[in-house]
Structures are given as C-alpha cells and as structure tokens.
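Here is a short briefing on one protein chain. Look at the model first, then work through the points by topic.

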Amino acid sequence: MADPIAINPDSSPAPEPGASFSFMQMLPTLVVDVAMPIITFNVLTHNGVSTLWALAAGGLFPALNNLRVWITARKLEPLGIIVMTFRVIGTAGSLISGSVFFMLIKESVLTATFGFICLGSILAERPLMFYINRQFVAGDDPVKLEWWNGLWQYPGFRAAQRQVTAVWGVAYLAEAALRVVFALIMSPAEVVTISPIMAFGVTIALIVWTRRYMLAQRDRRLRENQLAPSS
C-alpha cells in the first residue's frame, strides 16, 4: 500500500520493516477481477444466457480471487470476509428479485459502505487506513508491527493517516455513485465493461497517490528538521 521509507513524516527514513508496492502484485486482480467478468458476461450473453445469470457468473471470479488470497496467505482476512459476504448477499438478492439493476449496482453497496466506514473512522482513535496500511507494510511480523504502531506518537503521521483515510473514503463514495449513474443510463454490457475497469483504476490511483503523499510529507518534515536551529 505504501513504501515504508515514506511512512514516518516526523523523522529520518525508517528502517526496513516493510516492502515497497509493486504493480505486479495487482496483476492477478487485473486478470481475475477485471478481465474475466467482462469476458464471461459477453460469452454467456452471446450464447443466449440471460443478462442476470451472466452477471452472476461473472461475479464468481472476484470471489475466486478472494479464495486465492486466503489460500496463499493461509488465513482468513476480516476485510476479505466482509467483501465476500456482501457479494454473496448481493448476488443472492439480485437472483431472488430478478433485478438486473440491483445486480449491476451491488458492488456500489460494498464500495459505499467502505467509503462511509473510512470517513466515520476518522473520528475514532485511529482511522481505518492506519490498520489497512499496517497490514501491507508490517504484515504479522511483531517487530514491524511494533515499529508501525510506534509511529502513531508523531503528530504528522497521525494527520497523514487521517488525511489518507478521508481521501479514500470520498473516492470510494464517488465511485459508488458513478456506478449507480452508469447502471441507470447505460446498457448492462457497457456497465460490465466500465465498472471493473473503473474500480481497478480508482484503487491503483489511490495507492499511487497515497505513496506519493506520504513521501511528500516525509520530505517536508525532513526539510523542516534541517532548517530548525539546533538546541
């Protein structure tokens, strides 16, 4: 999610507990969550499968990607469980109601919920992105976790984490709203194509922005420390 050397804006570059983000990490998501639902929908509808069932079949691939992550990590992630639960409930509700529109916007419910949780967590002791970033940077390593948790003592770090959380929350709410608009004015085939590309693009843009923002905060703080008179 973020480069560990950029995390601490209140001091010199942090030691090595963490790993920099690589876009290769997102390749399975690009293939499974973006390409496969689009291909599946178009193949099935071209062969006479109803729009509703074609959408449901395409939604299996993101679920399989979650399972892949769990198997690779050999543990269940709370965030992944929440995502899977929302998808299962949304798909089941759409099939029961027979609503293509609801099937098209079911991801908006999940995205909007995440956005609201982000914004609400700003008022909590520590915002949501503090914990999500910590998972990416520190994992389950106790030394890295102690290092990351210790950064909370710095005011600049706390402000940066809240700022990042606010931006992610607003961005995901905007994405959710756009997906609903697309479902209202576009054909299902167009929404199926645009929606996963937009979701992937928003996530990548937020990751890139987060890393650059944290780097900028660190560099600004380092310049301030260098300019400050020594006692």
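A residue counts as buried when its relative accessible area is under 20%, as exposed when it is over 50%, and as partly exposed in between. By that rule, 41% of the 231 residues of the protein chain are buried. The model is predicted. Its protein chain has 9 helices and 0 strands. Along the sequence the pattern reads α-α-α-α-α-α-α-α-α.

**Nonpolar cores**

- The largest nonpolar core holds 30 residues.
- Leu55, Leu104, Phe114, Met129, Val164, Trp168 and Val192 have the most contacts inside this core.
- At least two residues of the core come from each of α1 (27-46), α2 (51-58), α5 (100-121), α6 (128-138), α8 (155-185) and α9 (188-227).
- Which helix gives the most to this core? That is α9, with 10 residues.
- Another core lies apart from the largest one and has 7 residues, among them Val137, Trp148, Leu151 and Phe157.

**Helix α1**

- The 20 residues of α1 should span 28 Å at 1.5 Å a residue. The end C-alpha atoms of α1 are 27 Å apart, which agrees.
- α1 nevertheless has a kink of about 35 degrees at Ala35, shortly before the proline Pro37.
- The buried residues of α1 are Thr29, Val34, Pro37, Ile38, Thr40 and Phe41.
- Val34 sits in α1. Its relative accessibility is 7%, so Val34 counts as buried.
- Val34 and Pro196 are 162 residues apart along the chain, yet their C-alpha atoms are separated by 5.0 Å.
- Met36 is also in α1. Is Met36 buried or partly exposed? At 25% relative accessibility, Met36 counts as partly exposed.
- The C-alpha atoms of Met36 and Pro62 are separated by 8.9 Å, with their positions 26 residues apart along the chain counted as the separation.
- Gly48 follows α1 and has a positive phi, near 95 degrees.

**Helix α5 and a contact to α8**

- α5 has 22 residues. From first C-alpha to last it reaches 33 Å, close to the 32 Å expected at 1.5 Å a residue.
- Where does α5 bend? The bend is at Lys106 and comes to about 35 degrees.
- Lys106 is itself among the buried residues of α5.
- Other buried residues of α5 include Met103, Leu104, Ile105, Ser108, Leu110 and Thr111.
- Further along α5, Ala112, Phe114, Gly115, Cys118 and Ser121 are buried too.
- Leu104 and Phe114 are also listed among the residues with the most contacts inside the largest core.
- Ala174 is placed in helix α8. With 40% relative accessibility, Ala174 counts as partly exposed.
- Ala174 and Thr111 are 63 residues apart in sequence and 9.2 Å apart in space, C-alpha to C-alpha.

**Aromatic pairs**

- A pair of aromatic rings is described by the distance of the centres and the angle of the planes.
- Rings pair when their centres lie within 6.5 Å, and planes under 30 degrees apart count as stacked.
- By this rule there are 10 aromatic pairs.
- Why does the pair of Trp209 and Tyr213 count as stacked? The ring centres of Trp209 and Tyr213 are 5.0 Å apart and the planes are at 15 degrees, so the pair is stacked.
- Trp209 and Tyr213 are 4 residues apart in helix α9, and are therefore separated by about one helical turn.
- Trp209 is partly exposed, with a relative accessible area of 29%.
- Tyr213 counts as buried, at 18% relative accessibility.
- Ring pairs also link Phe130, Tyr131, Trp147, Trp148, Trp152 and Phe157 into a cluster.
- Trp148 and Phe157 of this cluster are also among the residues of the 7-residue core.

**Second largest pocket**

- The second largest pocket has a volume of about 150 Å³.
- How many residues line the second largest pocket? The lining has 10 residues.
- Ala56, Gly59, Leu60, Arg87 and Thr91 lie nearest the centre of the second largest pocket.
- α3 (60-73) and α4 (78-97) each supply at least two residues of the lining of this pocket.
- The largest share of this lining comes from α4, with 6 residues.

Technical notes: Residues numbered from 1 in each chain as written. Predicted model: local features only at pLDDT ≥ 70, side-chain atom pairs only at ≥ 80, totals over all residues. Heavy atoms only, no water. Core = buried A, V, L, I, M, F, W, Y, C linked by side-chain atoms within 4.5 Å. Buried < 20%, exposed > 50% of the residue type's maximum accessible area, 1.4 Å probe, protein only. Expected span 1.5 Å × (residues − 1). Bend = angle between axes of the 7 residues up to and from the residue. Phe/Tyr/Trp six-rings, centres within 6.5 Å; stacked < 30°, edge-to-face > 60°. 1 Å grid on protein atoms, 1.4 Å probe; cavity = no way out; pocket = protein on both sides within 12 Å on 5 of 7 lines; lining within 4 Å. Points joined across faces, edges and corners; volume = space filled by probe spheres on them.
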